[in-house]
Amino acid sequence: MPVAKQSEIAPAEGRLGVLLVGLGAVSTTFIAGVEAIKKGFAQPIGSLTQMGTIRLGKRTDNRVPLIKDFVPLAQLKDMVFGAWDIFPDSAYDAALNAGVLEKELLGQLKEPLRKIKPMKAVFDQSYVKRLSGTNVKTGKNKFELAQQLIDEIAEWKRKNKCSRLVMIWAASTEIFLKPHAVHKTLDSFEQAMRDNHKAIAPSMIYAYAALKSGIPFANGAPNLTVDIPALMTLADKNKLAICGKDFKTGQTLMKTIIAPGLKSRMLGLHGWYSTNILGNRDGEVLDDPDSFKTKEESKLSVLEYILQPEVYPDLYKDFSHVVRINYYPPRGDNKEGWDNIDIFGWLGYPMQIKIDFLCRDSILAAPIVLDLALFLDLAQRAGMKGVQEWLSFYFKSPQTAPGLYPEHDIFIQLMKLKNTLRHLRGEDLITHLGLEYYD
Ligand SMILES: NC(=O)c1ccc[n+]([C@@H]2O[C@H](COP(=O)([O-])OP(=O)(O)OC[C@H]3O[C@@H](n4cnc5c(N)ncnc54)[C@H](O)[C@@H]3O)[C@@H](O)[C@H]2O)c1
């Protein structure tokens, strides 16, 4: 990730193609949202790149530009979208089917959405057991499927007259995979693709194709995907930005907002029980124990890292943390997440916090996809390569350099993100020391 202070950033000229793996609830809510914003029907609420500001210099300087005016981001009018899915439905039909956005709004966006037809997916049902579809590529082996993707990406870029591309995985959560010996080097990874090795999941084939095509890659699901040495090496070698894993929305977003607050006041934790009811296709896929296992790992690690029981054993040793997701069709995308938090305070007296978050998963995820597409493109033009830890802000399970633990506290993540932008533009980093005001 290293990048020089005040580095040269190539201008955002021409069209930015956003390639989405998976054209489901999140992707269609994102695309429809951007199209609605382009037409002036709505505002980009929830998007830091569009609505966020950044303070520069001293508090008395009054320099607080919008982030999008401070760093050269691509403009929404220059964004075009492509996708792969195992179902052949256009973005319009897929959005209707996902049921997140109202029919009237989608009706007004019919024209741009109908044009987006998903390309045939690289898919294998052994990695997502609850799904089967027909819009799927065939090939001799996984290496050949990757070559098909590489050719298709080049053709798509030419046809859509794009100057730059980014790829984001917003497809279903795959089964839990552990790092395997074949993931160690690029050679062993490519050989394993030729051998159709089961340690190579479809998401890895897309990531490989992106990195071979010179495209930065973000992973919105908890799958291992690009978090393996072979693909991290490939990203480094080809000077490409990568980040993941698992968009931080809903319950985990609340956890990373509340847990740092409890810790900052030295309040203890006996236990945190989280349960969800969710009725969309994501919920259906996560009803399979192997896919849920991948999600569970990603959701569970958050509290351990924020609360640091090894540093504060009197407050956080052995707290109980349980996470459940229940597939409940009537609820659709409008998830309900309950948290029961058993805390303790002065002299060990117990207290409870209850949260009932009636959230809309894809409404929370869509602005993350937008920000990631724009920031990955920025990182690329600024010459930032490898794991982009400053984008941890957007992920449940942030990818880091090997051996480094992830930072989960959302306030530290935001400070890191903004300081990275200041660093890129040669501005002073903000430490909040503030002694100069009292000299
Ligand atoms: N919505 C959220 O708040 C949120 C938060 C964090 C992570 N995620 C993750 O984002 C992903 C997308 O979520 P969603 O709600 O849009 O789910 P969804 O089920 O609505 O959409 C996923 C789409 O991916 C397609 N797909 C599956 N495997 C594919 C493959 N190999 N190639 C191409 N397409 C494939 C499916 O057919 C489906 O249309 C899931 O992995 C989910 O866990 C979502």
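## A walk through two sheets, a pocket and a cavity

Start by selecting residues 268-278, which are strand β7; β7 pairs with β8 in the parallel sense, over eight bridges. This is a predicted model, so keep that in mind as you click around. For one rung of the pairing, pick Thr 275 and look across to β8, where Arg 324 is its bridge partner.

Now add helix α13, residues 289-307. This helix packs on the sheet and touches both β7 and β8. Compare directions and you'll find about 150 degrees between α13 and β8.

**The four-stranded sheet**

Time to bring in the rest of the sheet. In what order do its four strands stand? Reading across, you get β8-β7-β9-β10, an open sheet with mixed pairing. Its edge strands are β8 (320-327) and β10 (350-358), each pairing on one side only. On average, neighbouring strands here are turned by 10 degrees against each other, if you ignore direction.

You've seen the parallel pair already, so go to the antiparallel one: select β9 (residues 336-344) and β10, joined by nine bridges. Phe 344 is a handy marker, as it stands opposite Pro 350 in β10. Follow the chain from β9 to β10 and you go round a hairpin with five residues between the strands. Stop at Leu 347 in that turn, which has a positive phi of about 65 degrees.

**The seven-stranded sheet**

Next, colour the other sheet: β3-β2-β1-β4-β5-β6-β11, open again, but with parallel pairing. Look at β3 (119-120) and β11 (386-387): each has a single partner strand, so one side of each is left without a neighbour in the sheet. Further in, select β1 (residues 15-21) with β2 (residues 79-85), a parallel pair with six bridges. Leu 20 has Ala 83 in β2 as its bridge partner.

Keep this sheet on screen and show α15. The helix lies across β1, β2, β4 (162-169), β5 (217-219) and β6 (241-243). Against β4, α15 runs at about 130 degrees.

**A pocket beside α15**

Leave α15 showing and turn on the second largest pocket, with a volume of about 640 Å³. Which residues come closest to its centre? Among the 29 lining residues, they are Ile 45, Gly 46, Ser 47, Ile 363 and Pro 367. The elements giving two or more residues to the lining are α1 (25-38), α15 (361-381) and α16 (410-424). Of these, α15 gives the most, with seven residues. Colour the lining by class and you'll get 21 nonpolar, five polar and three charged residues.

**Two crossing helices**

Select α7 (residues 142-159) and α8 (residues 186-194), whose axes are 5 Å apart. How are they arranged? Their angle is about 100 degrees, so they are roughly perpendicular to each other. Show side chains where they meet: Lys 142, Phe 143 and Ala 146 from α7, and Glu 190, Met 193 and Arg 194 from α8. That contact has three nonpolar and three charged residues, and no polar ones.

**Last stop: the cavity**

How many cavities of 30 Å³ or more does a search of the whole structure find? Just one, and the largest cavity holds about 50 Å³ of space. To see its walls, select Glu 174, Ile 175, Phe 176, Leu 177, Ala 201, Ser 203, Met 204, Asn 223, Leu 224 and Thr 225. By class, that lining has six nonpolar, three polar and one charged.

Notes. Residues numbered from 1 in each chain as written. Predicted model: local features only at pLDDT ≥ 70, side-chain atom pairs only at ≥ 80, totals over all residues. Heavy atoms only, no water. Axes fitted to C-alpha atoms, helices over the stretch in contact; angles between N-to-C directions. Parallel < 35°, antiparallel > 145°, perpendicular 65-115°, else oblique. Contact = heavy atoms within 4.5 Å. Nonpolar A, V, L, I, M, F, W, Y, C, P; charged D, E, K, R; others polar. Pairing = 2+ DSSP bridges. 1 Å grid on protein atoms, 1.4 Å probe; cavity = no way out; pocket = protein on both sides within 12 Å on 5 of 7 lines; lining within 4 Å. Points joined across faces, edges and corners; volume = space filled by probe spheres on them.
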